[in-house]
Amino acid sequence: MSGMQVGGNDVDIDLRRLALSVRDRWKPILTVVLVVTIAAFLLAYFATPLYRAETRILIEARESAYTRMSGAGEGDRPILDDEGVASQVEVIASSDILRRVAAELQLAERAEFQSGGILASFGLGGSDELLRAQTTIDIMREKLSVYRVENSRVIVVRFSSEDRELAAAVPNAIADAYLDEQRAAKLLSNEDATGWLAPEIADLRERVREAEANVAAFRARSGLLVGQNNSTLASQQLSELSSELSRVRASRSAAEARAEGVRQAIDTGASLDAVPEVLASPVVQRLREREVQLNAEIADLSTTLLDNHPRLRGLRSQLADLSTRIRQEARTVLQSLENESRAAQRSEERLQQDLDALKSTSAAAGTEEVELRALEREATAQRELLESYLTRFREASARGDRNYLPVDARIFARATPPVDSYYPKYGPILGAAFMGSLLLMIVGTLLGELFSGRAMRPAAGGARVHPVPHLVMPAAASAEAAAVSHDAGPLPLDVSVETAAERLIAAGVSRAIFVSPEGEEASTASVMVARELADAGMRVLYLDLTFTGTPSSHMLESRTYTGITNLLAAEAQFTETIHGDLYSDAHVIPVGTAEPRRAMRAADRLPIILTSLTTAYDIVVVECGPTESEGLRRVAGDTSEIMIGVIDAADDRVLAASESLFAAGYGEAARVVAPAPQAQDEARTVA
């Protein structure tokens with residue numbers, strides 16, 4: 001079938017007939033295309049050329065740090081965010097500015113901006129002046145484009161006109177008018193501010209005067225006179241009395257401590273030499289000097305006179321009398337200290353009484369101080385507001401007198417008369433006319449051919465069935481295979497599971513193909529080899545291509561897992577068909593649950609799947625069951641090795657399979673001998 005099918009199995013579209021219809025009518029198609037292209041050229045040639053120019057305005061704060069009004073912070077600066085810039089776009093395109101520019105450039109007198117309109121034709125448009133002015137504004141809007149450059153504060157004023165000079169003059173005039181209007185708006189705002197501040201300042205001066213007078217009158221009436229450190233006299237006296245009371249208390253405590261020390265020394269009979277107050281007495285000092293002299297004389301006389309000598313006895317009597325007098329003088333010192341302590345106590349009591357009386361007076365004055373502070377705060381607030389208004393009034397007056405009102409925008413790129421027109425552009429116009437007319441003519445020709453029925457033909461009777469190459473599924477070895485002559489080739493040696501795994505690792509094989517001629521029970525060899533490779537640290541995938549899925553059933557918990565048939569039938573993804581072995585780190589792709597006939601129709605995908613698996617794993621072990629050598633052509637690759645899983649190496653089917661593989665060009669296949677699957681699982685469980 002050469003085309004698409006329509007209407008069930010009735011008719012088909014003859015694509016060849018459609019192509020021939022376009023080829024047969026190439027002359028009329030080309031003629032129409034050339035006519036349309038020439039017409040487009042003539043229209044563009046005689047069209048009035050249009051010129052376009054643009055002026056760019058930058059919205060920014062023009063006020064400098066030296067001229068900004070005092071007290072103006074970040075919050076007082078002009079709004080320069082997205083909404084603020086978008087608002088300025090609307091201001092520039094407003095009717096007032098366009099009307100001003102139209103009057104300045106006398107646009108209404110130009111033929112380009114004159115149009116009678118429907119209302120004027122019926123005499124319903126009002127006065128001629130109003131109608132002409134509105135018409136001019138409308139035409140200006142059609143030719144004007146005002147927009148903001150994305151992610152910037154730049155506004156573009158673009159205008160197109162038949163006159164190149166006018167195309168540059170209009171956007172420049174609009175930009176100048178916008179700046180003038182912004183300046184006028186600032187001037188009006190400044191005048192309004194000064195007009196409002198003048199009476200407010202006069203009123204504030206009077207309120208400040210009254211507030212300060214109220215403070216002074218209340219202070220005099222309540223007696224809250226201010227002393228040093230801007231505090232009231234009562235507060236200062238209270239502070240002084242508190243300090244004096246603390247000093248007297250400290251003096252009394254010191255006197256009592258000294259008296260107690262002297263008293264203890266006298267009562268206990270201890271030496272008075274350790275009492276500083278006693279030693280400081282002049283009388284005691286003289287007595288101590290006399291005591292030293294007597295001790296010296298007694299010492300001198302003791303060398304020449306006996307102890308009972310009258311002179312020594314007299315001197316000792318004088319010495320004892322001196323000790324008694326020293327203790328009497330110590331009692332005198334103690335009495336003096338006690339008198340000092342009592343005097344300090346009386347002074348403390350008197351100061352405490354004065355302090356209590358002053359506290360009562362200060363407490364009574366506290367309420368009046370609260371009211372006084374309220375009056376002072378009011379006076380301060382009024383005075384600060386007056387100073388702020390005076391500062392703003394002086395700054396506003398100075399700006400108005402000097403006419404310094406910077407606009408928050410500037411023109412940084414003025415429009416210049418364009419050299420070339422932007423319309424008409426011959427290349428795009430002719431190209432669009434040529435391609436558009438050619439496409440329309442071809443489509444019209446094809447539709448005409450279809451509607452005429454000439455492009456239809458009867459559909460083929462019945463669906464055409466294409467043979468689908470099937471994957472050779474594993475089948476039991478035939479009885480004739482056992483009768484194959486053993487002389488077809490040399491017989492390979494029998495190897496153990498461990499030896500087979502070491503052989504595959506040493507050879508760097510990426511794909512190990514196992515054939516089990518004795519039936520699926522012999523597939524235990526491939527399972528054990530896969531597990532041995534996984535235990536050796538290799539990334540191993542076991543692919544079960546048998547008919548019943550017996551090998552993978554010993555590695556998984558169930559036979560209902562998705563597998564290779566689901567992958568071939570496009571019912572599952574790779575990740576959904578790969579499962580983990582119960583007894584090793586190997587991965588398993590079982591037979592699956594898809595319908596085998598549908599899976600075999602996609603057998604051509606099997607080599608691609610195997611190639612993908614070999615790139616993801618170190619080695620892929622493929623169990624093909626009791627298949628024949630012809631069935632290995634889809635799974636064998638360049639870096640693959642074929643092995644035979646056996647239970648009884650002397651079985652005729654094993655010998656026949658070895659000779660068949662050798663005859664098919666696969667070389668000598670190693671025969672891997674392994675125990676039954678049950679023994680393997682029991683060994684794994686015990687381990």
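This report looks at a predicted model, starting with the whole chain and then turning to Arg511 and helix H14.

## The chain overall

The chain runs to 687 residues, and 36% of them count as buried. Its secondary structure comes to 21 helices and 15 strands.

Sequence-distant pairing shows up a lot here: take the contacts between residues at least 6 apart in sequence, and 81% of them join residues at least 24 apart. As for the surface, the chain exposes about 39,000 Å², with carbon and sulfur atoms supplying 54% of that area.

## Arg511 in strand S9

Arg511 sits in strand S9, which covers residues 511-515. Is this arginine buried or exposed? It counts as buried, because its relative accessibility is 9%, and the cut-off for buried is under 20%.

What does the Arg511 side chain reach at 2.7 Å? That would be the backbone oxygen of Val635. Leaving aside residues up to four places away in sequence, Arg511 also touches a string of others, including Leu610, Thr611, Thr614, Ile619, Val620 and Val622. Further along the sequence, its contacts include Ala636, Gly637, Thr639, Ser640 and Glu641.

## Helix H14

H14 takes in residues 524-535, 12 in total. From first C-alpha to last it reaches 16 Å, close to the 16 Å expected at 1.5 Å a residue.

This helix is mostly covered, with 10 of its 12 residues buried. Among the buried ones are Val527, Met528, Val529 and Leu533, and Arg531 is on that list too. Just past the end of H14, Gly537 adopts a positive phi of about 95°.

Terms used: Residues are numbered from 1 along each chain as its sequence is written. This is a predicted model: local features need pLDDT of at least 70, side-chain atom pairs count only at pLDDT 80 or more; totals for chains, interfaces and linings use all residues. Side-chain values use heavy atoms; hydrogens and water are left out. Helices (H or I, at least four residues) and strands (E, at least two) are DSSP runs, numbered from the N terminus. Buried means under 20% relative accessible area, exposed over 50%, partly exposed in between (1.4 Å probe, protein chains only). Contact means heavy atoms within 4.5 Å. Accessible areas come from the Shrake-Rupley method with a 1.4 Å probe; for residues, only the protein chains shown count as cover. A polar contact is a pair of N or O atoms within 3.5 Å; within protein, one must be able to donate a hydrogen and the other to accept it, and residues adjacent in sequence count only if both atoms are side-chain atoms. The expected span of a helix is 1.5 Å times one less than its number of residues.
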